[in-house]
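Here are some short exercises to work through with the structure open. Try each task before you read its solution.

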Amino acid sequence: MSVWEGKKYKLDRSDNFDEYMKALGVGMVLRKMGNTVSPTVELVKTGDEYTFNTTSTFKSTTIKFKLGEEFEEETVDGRKVKSVCTLDGPNKLIHDQRGEKPTVIVREFTATDLTATMTATGSGGEEVKCVRYYKAV
């Protein structure tokens, strides 16, 4: 059993999130909201299908996927992307979002914490990295 099964994680703090959202072209109003919200996330496995829920006072999203299979996704900021999720070991989820501005989110789960390292490629080809730290609730 993976350490994340049956757990929810709430955002504790972020590093460089505003710059990350800027690189994705997120407008100022949406960035201000994004910076004030502390979402709770949960990864659930049912058979060979995974569900990743993000819940917040601003916007809640759910994505369903099978490992290694491409799926269409609309991101919280409204981008339409084609995504592929894979596991690197039992507790590291790699979420590759391909679109106009490619993004890779690596989520590393422990029994008490989740660290999400998010890397966006801006329009000039520059990479902007953000790290978001969550605590199990």
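**Exercise 1.** Work out how many disulfides the whole structure of this predicted model holds.

*Solution.* Start with the cut-off: two cysteine sulfurs have to lie within 2.5 Å. Next, take Cys 85, where the nearest cysteine sulfur belongs to Cys 130 and is 17 Å away. That rules out a disulfide for Cys 85, and Cys 130 is in no disulfide either. The search ends at 0 disulfides. While you're there, check burial: Cys 85 is buried at 0% relative accessible area, and Cys 130 is buried at 0% too.

**Exercise 2.** Classify the ring pair Trp 4 and Tyr 50, and say which parts of the chain it ties together.

*Solution.* First, count the aromatic pairs: you should get 6. Now look at Trp 4 and Tyr 50, with ring centres 6.2 Å apart and planes at 50°, so call this pair tilted. Trp 4 lies in the segment before strand E1 (9-15) and Tyr 50 sits in strand E3, so the pair links parts 46 residues apart in sequence. Trp 4 is buried at 2%, and Tyr 50 is buried at 5%.

**Exercise 3.** Do the same for Phe 17 and Tyr 20, then find the charge over the ring of Phe 17.

*Solution.* The centres are 6.2 Å apart with 20° between the planes, and that's a stacked pair. Both residues belong to helix H1 (residues 17-23), 3 residues apart, or about one helical turn. Finally, the charged end of Arg 132 sits over the Phe 17 ring, 3.7 Å from its centre.

Note on methods:
Residues numbered from 1 in each chain as written. Predicted model: local features only at pLDDT ≥ 70, side-chain atom pairs only at ≥ 80, totals over all residues. Heavy atoms only, no water. Buried < 20%, exposed > 50% of the residue type's maximum accessible area, 1.4 Å probe, protein only. Phe/Tyr/Trp six-rings, centres within 6.5 Å; stacked < 30°, edge-to-face > 60°. Helix = DSSP H or I, 4+ residues; strand = E, 2+ residues; numbered from the N terminus. Lys NZ or Arg CZ within 6 Å of the ring centre and 35° of its normal.
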